Every structure is written in structure tokens, then in C-alpha cells.
Amino acid sequence: MSNGKRALRLGIAGPVGTGKSSSIANICTALADEFRIGVITNDIYTDEDARFLKAAGVLPEERIRAVETGACPHTAIRDDVSMNLLAVEALESDFDPLDIVLVESGGDNLTATFSPALVDAQLFVLDVAGGGDVARKGGPGIGRADLLVINKIDLGPHVDVDVEQMLDDAREAREGQPVLGVSRKIPETVEALAAWVREVHARFVKGDHTPVDPGPMAPHFHADEEADGGGYMHTHEEGEAAHTH
Amino acid sequence: MRSRSALLVLADGRLPTGGYAHSAGLEQAIRQGWVNDIDGLRDFLRGRLHTTGLMNAAFAVAAWNALEEDTPTEAAPTSTSTAESSTGTDILAEAALRDLDAELIARTPSPALRRIGSWLGTLMLRSMRSIHPHPLLDAFPKDLQQPIVYGAVGRVLGLSDADTAATVLHEAVTGPATAAVKLMHIDPFQAHGAIIDLAYDLDEAAERAADFGRGDPAEIPALSAPLSDFAAELHEGDNVRLFAS
Ligand SMILES: Nc1nc2c(ncn2[C@@H]2O[C@H](COP(=O)(O)OP(=O)(O)O)[C@@H](O)[C@H]2O)c(=O)[nH]1
Ligand SMILES: [Mg+2]
Ligand SMILES: [Zn+2]
Ligand SMILES: [Zn+2]
């Protein structure tokens, strides 16, 4: 940023509750002395995530901002990134220079990924509590995000998940792209996550980093009690971008 | 050039300008028990059309008329040389736009609504600069109320002032009508039927807005609706909400 470039924009996607906010807290805890970091959260109903991160005390409060996404968290990171883009730009200009801006998706389901119009790189967060077979299910985030984090590995024994097996399945689904098992209770895993961010930042600053689009949403299921069959499958193809659910 | 196709693009709710995160006060009106069913929604939409909708449309027309008749409608080359941006500044009647903005703010008692108006205006400007690069938009001031930005966007897209007004009015009713299906037990077909039922009123209001907007801006009536001002203030204080406004 100080060399006239903007901050590295890093997206954090993944289903609700897997540990997106916690991953941001982990990254900030490990890297706050090394990089000037800002955070944008995308909550669905409240500014819970922004509050959680402010309470965690990992960054000065004013560098954590919430964006409201009108009940459609996936639209805000893909079909219409305008609110997030403006929020990121405002944060960068208010705290110039920033090195890294982390954008937390509101969290939806397995299918939502960030548009390269918003972020330079993205990590996708799953957790062991979601079940050992989730990593095999694939989809754009699991398969093609720049990094897949399997979080809460400390919980493996408590939820009957073989963590090593889950990591292997994930590596296979990603054809060698990076996968990290992380627990905030195991410092070396947090350090490995920080090392990955450090490396992406170094590539970004050198101009060696090319944003990769994990691809559009896969067909997915929306639970809806009132619909026949308790929900519906759909894709977010063109013409359906501003759908309501 | 008067472009029908550009009009349709601008009026399309899928245009990525952040509008989908807003319900135009409907969420709070439902929470307060002011709107409970399809008849309530019809009344809400009619009220919005004839108050804030008409007034905002008149200001969009006034902004359109404050800009030069010969504003080029061709996209600017991607390079932004100083020569081009000064062309933008020349076209831009900045003082007149700021006066219009002040007139509109004077007719918008709620501080929350003023903040939302300038946020949406800045979002629309940010998005349109990417969607349709143009020296007028590059030179256009940030933080102006959304209707003022609509006036400029109508100009650079080659719309007439009355069509620009029609777009503002269209958004004033389609925004809350589409939000309604996420907020209440309502048949989405009926919600759209409510919009169609207002078609004649909308057309007529666009012409009235054009008449107001072509005259002395100080004479544009203050048509804001007190309950929407209350709703906006109450909404800001609500911690749990689906829509930003
Ligand atoms: N045991 C354990 N729990 C964690 C870990 N990371 C996050 N959590 C818990 O998982 C829950 C959801 O985390 P959060 O970061 O809010 O998820 P988000 O919805 O994806 O942002 C919280 O209760 C966290 O305390 C971890 O490494 N180990
Ligand atoms: Mg979170
Ligand atoms: Zn959605
Ligand atoms: Zn969906």
C-alpha cells in the first residue's frame, strides 16, 4: 500500500458456524504486528461478527466494519459486490496504508464463493463438526478456493471424525491445492494459516499473484418449509441473480 | 440518442448497485404492525409512490436538467488523463448539484434516511463508474443523495428526464415489493400484481416529477412521508434486521 498499491483483499467463505470469524481472529492474532489489517464482515441479521471480532480485541475496533447484505449473503460476494467493494475502498482510504483487508462472507451454504471483482484470494472454511464426508462433496469453494481450512480439528475425537482422513479427502477433492487443518487451540496450526497468508501477501506485492475464480454456484438446496418437499434446488445462473429466499 | 434498452438496464433490479439490501422502510413498517398483508402492501406502495417516490424522481429530473444538454453518452476510454477528467468537471455543474442535494436533504427530516440516501448514491456512482465509464461520472462528487446520482446516470445513458424519473419511481415500488416476499407471508405473484396495478399512477407520477424537476428546484414540494421517517429511525435502533433500511 505504501508503494502506491492497494491492500491485498482476502475473502473468507464457508457455511455458518464453521469458524470464519474465528479464522479472522486467528489471522489477526498471528499477524497484527506484522501487517496493517482491516476487516469487513457481512452479517445476515445483525452485526454479530463485527462485535465478536471487536470483543476479541485482535484489531483496533475502528478497523472492523459491518456491511448489511439484505438477507442474501451470497449475492453480496458474487452477483452484486458493490456494497463490499465500497466498504473495502472506504476502509483502505480511511486507514491508508493498509496491507491486508479480510472480508468475511455472511456464510450461506457450501456453494457461495467470492467474485474476483471483490477479492484477490479466498479461503474456504469447513469444520470437522460438520462431518468427515463434507470435504468429499466438492463444489466451487471446497474444490477451487485458494486455500481450504478444515477448522476445529481439536474436536475430531468428540464428533467421531478421523481428521487425517478428512484432510486426505479434501486434498484429493482439490487435486493438490492447499488444505490446512486448524484449531485455535493448536498454535502451530494457527501459525501455518498465518504463513499461508504471509505467502499470498508476498506474491501479491511482487505482482505474482493472479486471482482465481472458483466458479459460479453449483446447484444447491434451500430449505423452505412452505414449499412442497420442504425446499427447492436451484442454481444462480444468469437471470436468477436477484432471486429471493 | 434516447435509449430504451439502457432504460431497461437501469431499471432492472439486478443491476449491481446494492439496492437489494434495502426494503425502503417496509421491514420496519411490518415490525410496527403498520403493514400486515397484501392490502397493507398495496397501500404502502401507493403511499411511497406519491410521497418519497415522486419527490425523489423530481430531484433526479432537476439533476438531469442541471447537467449539460450535450453530455456525451459514449463511454470514455479506460485511461483517465487529466484532459478527460477536466472535461468531466466542465460538464459538471457541481455547485448546482450541491444545491439540489441540500434541497433534497431539507425535505428529508430523518438523519437515518439522509445517511442511507447518500450511501446508496455513492454506491450507484461507484458501480456505474465501472459499468459505464464516463468523464461526467468520474468527476461527479461522492456522498450526494441517490436521486441526484440517478439524474447524472440518466444523462450519461441517454435517457430522457421523464424516463429517468420513471426509473426512480419504478425502484421506489419494486424495491419494497420484492423485499416483501422475504418479510411477510405473501404470495410473490400478488406482490408483483400490486406493482402492475400501480402502472398508471407510476406513469403519471413520472410526468409530474418531470414538470416539478424542470422548474425551480426550490419549488419542488416536500413530499416526504412522516411515517417513513419514523420507520427509518426505528430501524436503525433495531439490532436484528434482514434489510439495511
Ligand atoms: N473447539 C473449537 N471451536 C472453535 C474453533 N474455532 C471456532 N470455534 C467455535 O465455533 C463457533 C463458530 O465460530 P465462528 O468463527 O463464529 O463461525 P462463523 O459463523 O463461520 O464465523 C464458535 O462458537 C467458536 O468458538 C476451534 O478451533 N476449536
Ligand atoms: Mg462469523
Ligand atoms: Zn440469496
Ligand atoms: Zn441460493
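Donors are N, O and S atoms within 2.8 Å of the metal. I start my notebook with that, and I keep in mind that this is a predicted model.

**Entry 1: the magnesium ion.** I looked up which protein atoms serve as donors of the magnesium ion (ligand 2), and I found Ser21(A) (OG), Asp49(A) (OD) and Glu104(A) (OE), lying 2.1 to 2.3 Å from it. Along the chain, these donors follow the spacing S-x27-D-x54-E. Asp49(A) sits in helix 2 (residues 48-56) of chain A and Glu104(A) in strand 4 (residues 100-104) of chain A, so this pair, 55 residues apart, links distant parts of the chain.

**Entry 2: buried or exposed?** I checked two of the donors next. Asp49(A) has a relative accessible area of 15%, and buried means under 20%, so Asp49(A) is buried. Glu104(A) counts as buried too, at 2% relative accessibility.

**Entry 3: ligand 1.** I saw that 15 residues surround ligand 1, with Gly17(A), Lys20(A), Ser21(A), Ser22(A) and Asp154(A) the closest. By class, I noted three nonpolar, seven polar and five charged residues in this shell. Helix 1 (residues 20-31) of chain A gives the most to the shell, with three residues.

Then I looked at single contacts. A polar backbone atom of Ser21(A) is 2.8 Å from an oxygen atom of ligand 1. Glu104(A) has a polar side-chain atom 3.1 Å from an oxygen atom of ligand 1, and Asn151(A) has one 3.2 Å from a nitrogen atom of the ligand. On its own, ligand 1 has 580 Å² of accessible area, and the protein covers 77% of that.

**Entry 4: a helix in chain B.** I found that Ser110(B) caps the N-terminal end of helix 6 of chain B, with a side-chain oxygen 3.2 Å from the backbone nitrogen of Ala112(B).

Notes. Residues numbered from 1 in each chain as written. Chains lettered and ligands numbered in written order. Predicted model: local features only at pLDDT ≥ 70, side-chain atom pairs only at ≥ 80, totals over all residues. Heavy atoms only, no water. Near = heavy atom within 4 Å. Polar contact = N/O pair within 3.5 Å; in protein donor to acceptor, adjacent residues only side chain to side chain. Areas by Shrake-Rupley, 256 points an atom, 1.4 Å probe, with all protein chains shown as cover. Helix = DSSP H or I, 4+ residues; strand = E, 2+ residues; numbered from the N terminus. Nonpolar A, V, L, I, M, F, W, Y, C, P; charged D, E, K, R; others polar. Donors = N, O, S within 2.8 Å, 3.2 Å for Na, K, Ca; no water. Buried < 20%, exposed > 50% of the residue type's maximum accessible area, 1.4 Å probe, protein only.
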